[in-house]
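Work through the following exercises with the sequence and the model open beside you. Try each task before reading the solution beneath it.

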Amino acid sequence: MIKRFFELQEKVLDYHKKANTELLKKAYSVSAKAHLNQKRATNEPYITHPLAVASILADLHLDEISISAGLLHDIIEDTEYTKEDIAKLFGNEIAEIVWSVTKISKISDFDADNAKAETLKKMIIAMTNDVRVILIKLADRLHNIRTLDAFREDKRKRIANETLEIYAPIAYRLGIGKIRKELENISFKYAFPEEYERIKKEVSDKKEWGINQLESIKKEIKTILKKYKIPGKVFFRIKREISIYRKLKKQNISLDKVYDLLALRIITDSIEHCYAIMGEIHQKWRHIPSRWRDFIANPKINGYQSIQTTIITKKGIKFEIQIRTKEMHKIAIEGIAAHWKYKEGISFIENDTRLNWFREMIEAHRNNPNPEDFLTHVKQDLTPDEIYLFTPKGKVISLKSGATTIDFAYAIHSEIGDHCKGAIVNEKLVPLKTKLNSSDVVEIITSKNVNPKIDWLKYVITNRARKKIANYIQKKENLLNITKGKRVWLKTLRESKKKYKLKLKEDDVKKRIEKLHYTDLEVFFKDIGSGKKTLDKKALKTLFPEISVHDITPSKKVSKKISQIHKLINVEGYQDIDITFAKCCNPIKGEKIIGYITKHRGLVIHKEECINLRNVISPRLNKVEWNEFDDHLYLVKYDLIVHDKPGLLSIISGVNAEFNSNIRKIESEKAGQNITKIKITFEVKNIDQLKKIFNKYKKVKGTFSVIRKRFSIK
């Protein structure tokens, strides 16, 4: 590891002769001064960390902008420097990168639980525009992982787990095999110490035997290469501890059943020679057909290319063999950073298809208002079990485990997905919702008369499929709303013109609509049709100022309902939409809520975790908040299962009295021998009051369960 700046400079100049060394010197100087009196947990001067991060970036052959940002990456987080200070010294490009890797908790008032999720969200969104953000973060995490011994055990384990769940999978998705493997190897040791030691011992016991077997196969392969005059180098390895652990856990098998425990890699000069080598190997040894993968013709989503095959020797020993070119090997190690071009800069890499996956993932979860939910979804998307499927022509399609034929259809092409009506899996006709298994051969049946249905969202698990289906349904819904809104508007316009003898030309109508801040008529119609905009008293007065106010008075019942609920809820971007509360989840002030736009009922307020929103299309969800209005009372209903004893109703009602909650109804019924069910309906002002009552209920002696029931809000 480099310790001084001149070593970093030499490393950069070694691969980039015209690098801007003055920029690097300036970045180092500012970072060194800013961190002057700081030390790391290892007791080393803090500047050793930015230097190490910059060195890792130089190992990836990145440009001087990236390396300068690496030297400065902690300066906003750990010193008095601001984003504006960095921009003045180094320009907006470097300032933006440094800010993007800065933890949210250091620059905002987010609580600790949400800060991590918000930081990750900010970082991933930023990386889809500038991949250098995540490359710096991966380098930062790699150096921290290398020095984990300096931390407390609990912190070591937390950092190691986070690395396995988030950062190593990101490195995998970007194809950076070298960094991913080191992150995993070190983290596994700290996150699962007992499993690590057990597997390490089992592998150690077989290591000498394994190396002897590998050396023997290596010699035979080299003989084949020499015989057919094919250039190539042969390497071997024994499977990593973490990879063994995952396979043992997933397949519930013993170590001797791990087929790819022993593996060889052949690196040659051309694709033609890759296939030639594979052919000769299959001629010499028996191979397992289900373990053969052609990732040259069909690369993985992260750009990885190789031919992979598993052979069985005459002694019954199984070996995995990877065959690839030098170029493929470079990509497998460096991934998205493999072809960085200094003349073209970031523009060369920002269109890399590997970033499309992250963009789709972000788009799928961007509107999720709960940071913890966002983090959970991202972890699931980053580390899915993958299955490999085949088209009838032999093309390999990689999908998440649990994917259905609809996911498969959209993976081939969006047009095929939009018009799929059935599938043939392994020569058998199956329904669209059928889950697929690795090695299935899938053919999609299409029809121009078939279009996506909202039910499809129940069966798909890939972000691509969900996005395409949601977009189609949203587009269809928009068209319906435009038609409906136009009909409502034309009726209103016709009646107003007739009743008040208005002579309006088309341009006059457009100018009047613009007074409601609509420049696009279709948007105006859509909002009316969806319920986002209502032609109420205020809107009509704006549109037709010549109409008497007394002629357009809405009914008292509607007016009272709207004004009362609008006191409770603040809806971002909606002033006059009808609002109701969902009866399925019964939200109470203080609970996290979200608005769901319906076709006929306006905006319905649900709790964020309401199960009925699980498959709702994100564009129909709207951010809403509780207002300060505190005089409203919410009715709640609970069922208590208790041990039957005298005075129980008095004790329960006493809990409500203690917390100033008015009971509206209370009754009991026998639920078994010495068991009573108490049904109680009462009023609360907010969720904090309800939690206190709930906790006190649970502490009542003889209480078995306390269950909140569905109930509409008063």
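**Exercise 1.** Find which residues of helix H4 are buried, and then find which helices these residues pack against.

Solution. Begin with the list of residues in this predicted model: the buried residues of H4 are Glu 64, Ile 65, Ser 66, Ile 67, Ser 68, Ala 69, Gly 70 and Leu 71. Next, set this list against the length of the helix, which spans residues 64-71, and you will find that eight of its eight residues are buried, so that H4 is mostly covered. Finally, look for what covers the helix: its buried residues pack against helix H1 (5-15), helix H2 (21-34), helix H3 (48-59), helix H7 (92-100) and helix H9 (132-146).

**Exercise 2.** Find which residues touch the most other members of the largest nonpolar core, and list what Leu 8 touches.

Solution. The largest nonpolar core has 110 residues, and within this core Leu 8 and Leu 174 touch the most other members. When residues up to four places away in sequence are not counted, Leu 8 touches Ile 2, Leu 51, Ala 54, Ser 55, Ala 58, Ile 67 and Leu 71. A second, separate core has 30 residues, among them Ile 593, Ile 597, Val 636 and Ile 687. As background, nonpolar side chains in soluble globular proteins tend to be buried together.

**Exercise 3.** Decide whether strand E14 is enclosed or open, and identify the strands that bridges join to E14.

Solution. First count the buried residues of E14, which covers residues 593-597: five of the five are buried, and therefore the strand is largely enclosed by the rest of the structure. Then take the two faces in turn, for Ile 593, Gly 595 and Ile 597 are buried on one side, while Ile 594 and Tyr 596 are buried on the other. Now turn to the neighbouring strands. Five bridges join E14 to strand E15 (residues 603-607), and the two run antiparallel; here the bridge partner of Ile 594 is His 606. Two bridges join E14 to strand E16 (residues 621-622), again in an antiparallel arrangement, and in E16 it is Asn 622 that stands opposite Gly 595.

**Exercise 4.** Give the order of the strands in the open sheet that contains E9, and say where helix H19 lies.

Solution. Three strands form this open sheet, in the order E10-E9-E11, with antiparallel pairing. The edge strands are E10 (428-430) and E11 (442-446), since each of them pairs on one side only. From one strand to the next, the twist averages 30°. For a detail of the pairing, take E9 (residues 420-425), which three bridges join to E10, and note that Ile 424 has Leu 429 in E10 as its bridge partner. Lastly, helix H19 (residues 405-412) lies across E9, E10 and E11, and runs at about 85° to E11.

**Exercise 5.** Describe the surroundings of two residues, Gln 322 and Thr 102, and say whether each is buried or exposed.

Solution. Start with Gln 322, which is placed in strand E6 (residues 318-325). The relative accessibility of Gln 322 is 10%, and because buried means under 20%, this residue counts as buried. Its side chain makes a polar contact of 2.9 Å with the side chain of Arg 265, and another polar contact, of 3.1 Å, joins the side chains of Gln 322 and Arg 324. Leaving aside neighbours within four places in sequence, Gln 322 is in contact with Leu 264, Arg 265, Ile 266, Tyr 304, Ile 307 and Gln 308.

Continue with Thr 102, which is found in the loop between H7 and helix H8 (112-127). Thr 102 has a relative accessibility of 0% and so counts as buried. A polar atom of the side chain of Thr 102 lies 2.8 Å from the backbone oxygen of Val 98.

**Exercise 6.** Determine how many disulfides the model has, and check Cys 585 as an example.

Solution. The cut-off needed here is that a disulfide is a pair of cysteine sulfur atoms within 2.5 Å, and by this rule the count comes to zero. Cys 585 is in no disulfide, for the nearest cysteine sulfur, that of Cys 610, is 3.9 Å away. Cys 585 nevertheless counts as buried, at 10% relative accessibility, and Cys 274 is also buried, with a relative accessible area of 0%.

Notes. Residues are numbered from 1 along each chain as its sequence is written. This is a predicted model: local features need pLDDT of at least 70, side-chain atom pairs count only at pLDDT 80 or more; totals for chains, interfaces and linings use all residues. Side-chain values use heavy atoms; hydrogens and water are left out. Buried means under 20% relative accessible area, exposed over 50%, partly exposed in between (1.4 Å probe, protein chains only). A nonpolar core is a set of buried Ala, Val, Leu, Ile, Met, Phe, Trp, Tyr and Cys residues joined through side-chain atoms within 4.5 Å. Contact means heavy atoms within 4.5 Å. Two strands pair if DSSP finds at least two bridges between them. Helices (H or I, at least four residues) and strands (E, at least two) are DSSP runs, numbered from the N terminus. Axes are lines fitted to C-alpha atoms, for helices over the stretch in contact, and angles run from 0 to 180 degrees between N-to-C directions. A polar contact is a pair of N or O atoms within 3.5 Å; within protein, one must be able to donate a hydrogen and the other to accept it, and residues adjacent in sequence count only if both atoms are side-chain atoms.
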